[in-house]
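Below are some notes on the model you sent, set out point by point. They begin with one helix and then turn to the annotated site, the ligand and the salt bridges.

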Amino acid sequence: MSNVTVCARFRPLSSKENRDDGVCVRAIDSETFVFQDDKDDEFTFNLDRVFYQDSAQASIYDFLALPIVTDAVNAINGTIITYGQTGAGKTYSMEGPGIQDCDEHKKGLLPRVVDGMFDQITSSKDFASYTVKLSMVEIYMEKVRDLLDLSKGNIQIKENKTQGILLSGVTEVPVSDSTEALQLLCTGLANRAVGETQMNMSSSRSHCAYLFTIQQDSVTDKRVKTGKLILVDLAGSEKADKTGAEGKVLDEAKTINKSLSALGNVINALTSGSSSKVNHIPYRDSKLTRILQDALGGNSRMALLCCCSPSNSNASETLSTLRFGMRAKHIKASPRASEVKSAKTQEEPCSVTKDEKCGRVLDKMKERMSKEDIKMLEEVFIQEGIIFSLDSMEEVETGYKDIVSETIKSLEQTLEELQLKVKKLEAENKSIKEQALRKQESAAVGKMSRFISSWYASFFTS
Ligand SMILES: Nc1ncnc2c1ncn2[C@@H]1O[C@H](COP(=O)(O)OP(=O)(O)O)[C@@H](O)[C@H]1O
Ligand SMILES: [Mg+2]
């Protein structure tokens, strides 16, 4: 069991930040620093690594991303997230000043991940053949938009027992080398929905996720392994009032805060409560947490880069970013290699059997329940977080299983009640029989005594 890797990065002071304001961070070493708030209270933070203002983009990739990329090529899922207020350096860390044709030293995590992934694939090509597919989505106003096909503006999130969380129908483009992948990433980035706030004129108000699926076909035994690698550049975590936003932009900020607080709630649920008791983890409260469910739930290696401004003027947002990171450090992750299947099984079209199964389950549900009951159950399931959408086959199956177990429980209860009733009736029956017997006996005695007295009377009178 390994923890989530949590790092902090302090960017240089920006031209807007007044040097006279001073800085809120004092370095101790590569893992520890002291944060000073506006009341001069000091907090010491200890993280997996701290990247100060002069740290190189390459050092962040080497420490935080390279181990995850290596694992993803070996079919262990990985997630890398940048978190922080708008303008704190999330996109700079993720992309660098640009994805293509950028200064080698300034290249961000994304182009380095792409290069690293293809380097590792090339060096291990003798043992397996690899297929890399790339998808890009943006979560904007609680809708998942496909950045590689804008006609898909509301991608549904589904769950599959073997593959985990899936984006239903998302565009997956096979890419054969770095150049192709970077070209595609640029196309996707150009499709992002952007807005302007006072914090950062070009900041995007949405979360952006880059998804790489690395499929490995073994040359020797025809087995297939898949590793999923997700990079997420989150929207700004600042409080809505700080952005000076109004109208639509304010709505965006509120939605962003909602999904980021959902992320915080999921992390709180994952890191609090006893290990013996299974907590309810509210993954379904936002699209963001639902997409990150596998990563947060443990079946993935995860790295979180908390991007911060060093300026005293942003101290309160920096503190809240650091606290978020400290909380996330306590998530326990236990990544496993993906299930290994033979190539044959993987290629078999399973949609037909799934559809048939779906039809059967729905027919059975319809047989037993009224429309209102199904609707009510659906609402209860969504409220309780049991299902997200009944469109998903697995969710219908789970829902159906729950109904079956509820029905069995209520039948068992009815049976118990009937057994009790039978016992009670048997006891009543017994006592009625006894009463009848007693009556019969007393009637016989009465008859006999009447016969004797009449016999006596006739004897003495004759
Ligand atoms: N480590 C850094 N070194 C140099 N400039 C940086 C660094 N981090 C961020 N910046 C600059 O700060 C500004 C805001 O960064 P950005 O990554 O867009 O913030 P965010 O994505 O968190 O809103 C950009 O102009 C960016 O170039
Ligand atoms: Mg950004």
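1. In helix α3, the buried residues are L109, L110, P111, R112, V113, V114, G116, M117, F118, Q120 and I121. That makes eleven of 15 residues, so the helix is mostly covered, buried being under 20% relative accessible area. The model is a predicted one, and the remarks below should be read with that in mind.

2. The length of α3 can be checked against its residue count. The helix runs over residues 109-123, and at 1.5 Å a residue its 15 residues should span 21 Å. The C-alpha atoms at its ends are 21 Å apart, so the expected span and the model agree.

3. The unreviewed UniProt entry carries a "binding site" annotation over G84, Q85, T86, G87, A88, G89, K90 and T91. Of these, G84 sits in the loop that joins β7 (78-83) to α2 (90-95), while K90 belongs to helix α2.

4. Are G84 and K90 buried or exposed? G84 has a relative accessible area of 0% and is therefore buried, the limit being under 20%. K90 is at 6%, so K90 also counts as buried.

5. The surroundings of these two residues can be listed with sequence neighbours up to four places away set aside. G84 then touches K90, A235, G236, S237, C307 and T321. The contacts of K90 are T82, Y83, G84, Q85, D233, L234, A235, G236 and C307. Between the two residues there is also a polar contact: a polar atom of the K90 side chain lies 3.0 Å from the backbone oxygen of G84.

6. Which residues come nearest to ligand 1? There are 13 residues around ligand 1, and the nearest are G87, G89, K90, T91 and Y92. The UniProt annotation includes G87, G89, K90 and T91.

7. Three polar contacts of ligand 1 deserve a look. A polar backbone atom of G87 is 2.7 Å from an oxygen atom of the ligand. For Y92, a polar backbone atom is likewise 2.7 Å from a ligand oxygen. T91 contributes a side chain instead, with a polar atom 2.8 Å from an oxygen of ligand 1.

8. The salt bridges come to eleven in number. One of them pairs K107 with D115, with N to O at 2.8 Å. K107 has 12% relative accessibility and so counts as buried, whereas D115, at 23%, counts as partly exposed because its value is not under 20%. Through shared partners, salt bridges join E104, K107 and D115 into one network.

9. A further salt bridge is formed by E138 and R192, whose closest N and O atoms are 3.4 Å apart. This pair links distant parts of the chain, 54 residues apart: E138 is in strand β8 (residues 128-140), and R192 is in the loop between α4 (178-190) and β13 (207-218). Both E138 and R192 are buried.

10. R284 and E159 also meet in a salt bridge, at 3.8 Å from N to O. The two are 125 residues apart and again connect distant parts of the chain, with R284 in the loop between α5 (247-271) and α6 (287-291) and E159 in strand β10 (residues 156-160). E159 has a relative accessible area of 26%, so E159 is partly exposed. The 3.8 Å separation counts as a salt bridge because the rule accepts a side-chain nitrogen within 4 Å of a carboxyl oxygen.

Methods: Residues numbered from 1 in each chain as written. Chains lettered and ligands numbered in written order. Predicted model: local features only at pLDDT ≥ 70, side-chain atom pairs only at ≥ 80, totals over all residues. Heavy atoms only, no water. Buried < 20%, exposed > 50% of the residue type's maximum accessible area, 1.4 Å probe, protein only. Helix = DSSP H or I, 4+ residues; strand = E, 2+ residues; numbered from the N terminus. UniProt positions renumbered as here; feature names shortened; annotations may be inferred. Contact = heavy atoms within 4.5 Å. Polar contact = N/O pair within 3.5 Å; in protein donor to acceptor, adjacent residues only side chain to side chain. Expected span 1.5 Å × (residues − 1). Near = heavy atom within 4 Å.
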